[in-house]
Amino acid sequence: MTQQTDETIVRDALLRMHLIDADETPLITPLAGGVSSLIARADTRRGSLCVKQALPELKVAMHWSAPLERSHAEIDWIRQVGEWFPGAVPEILGEDRESHAFAMTWLEPSRHPVWKLQLRDGIAVPAFAARVAHQLADIHAKSADDQRLAQRFANDANFFQLRLDPYFGATARVHSDCSPMLQQLIADTASNQRTLVHGDISPKNLLAGPEGPVFLDAECAWFGEPAFDVAFCLCH
């Protein structure tokens, strides 16, 4: 995908979201780091914002397709968590279901550094890690056993395709001696549907904001096993 194509995709999506004027050509800057989406900064007449569009194929070495509907799960997760804890997520500014894209507030990197980059540079603050843990626990507790949310986030097929099979299933197919245990783990995880799960809690998807952690990239959002979020973060 060329940069010009990216610019056209982002501009057309912004037009459909009514976030730019018809005669406007915003400055579009593609952002690095994501493997599952086109992510870009758009500098418009009304200010800067971030646009994200789900891709059908992940930008990884092996073939890994992913359902485009995951963008809707991400938008729903951000909006729901934003109702409870506004500072814990960016604000959704617009949604374009035609292109599976959405726009959110631009968070300046100088004030919202990526936690992974801080850790890479030797900036390890235990108090911040504790805040991540407490915020995640609050999200899990707030949503626990909520049948309305269970129906809204019944993304079982997506979670299997994006998480359970690529990690546990793929390993089971390579290491047959571990297959029974891993298949049981898949079954146990899939059946324990207790709370709202982010599905991709890792330092690369967390910003160290001035008011606390900001959670990004909830494409794998699902109503399920809360231990998955905890274990996913700890393994990183």
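**Exercise 1. What area does the chain expose, and what percentage of it do carbon and sulfur atoms supply?**

Solution. The chain exposes about 11900 Å², an area obtained by the Shrake-Rupley method with a 1.4 Å probe. Carbon and sulfur atoms supply 56% of this area.

The model is predicted: local features need pLDDT of at least 70, side-chain atom pairs count only at pLDDT 80 or more, and totals for chains, interfaces and linings use all residues. Residues are numbered from 1 along each chain as its sequence is written, and side-chain values use heavy atoms, with hydrogens and water left out.

**Exercise 2. Describe the fold content and the overall dimensions of the chain.**

Solution. Step one: the chain contains 8 helices and 9 strands, which are DSSP runs (helices H or I, at least four residues; strands E, at least two) numbered from the N terminus. Step two: the radius of gyration is 18 Å, close to the 18 Å given by the globule rule for 236 residues, so the chain is as compact as a globular protein of that length. This radius is taken over C-alpha atoms, and the rule is 2.2 Å times the number of residues to the power 0.38. Step three: the C-alpha trace spans about 60 × 40 × 40 Å along its principal axes.

**Exercise 3. Characterise the surroundings of Glu74.**

Solution. Step one: Glu74 belongs to helix α2 (residues 70-84). Step two: its relative accessibility is 1%, and Glu74 therefore counts as buried (buried is under 20% relative accessible area, exposed over 50%, partly exposed in between; 1.4 Å probe, protein chains only). Step three: leaving aside residues up to four places away in sequence, Glu74 touches Lys52, Phe102, Asp217, Ala218 and Glu219, a contact being heavy atoms within 4.5 Å. Step four: a network of salt bridges links Glu74 with Lys52, Arg70, Asp217 and Glu219. A salt bridge places a side-chain nitrogen of Lys or Arg within 4 Å of a carboxyl oxygen of Asp or Glu.

**Exercise 4. How many salt bridges are counted, and which parts does the pair Arg45 and Asp21 tie together?**

Solution. Step one: the count comes to 19 salt bridges. Step two: in one of them, Arg45 meets Asp21 at 3.0 Å, N to O. Arg45 lies in the loop between β2 (37-44) and β3 (47-54), and Asp21 in the loop between α1 (3-16) and β1 (27-30), so the pair ties together parts 24 residues apart in sequence. Step three: Asp200 and Lys204 also form a salt bridge (3.7 Å, N to O); Asp200 is buried at 10% relative accessible area, whereas Lys204, at 39%, is partly exposed.
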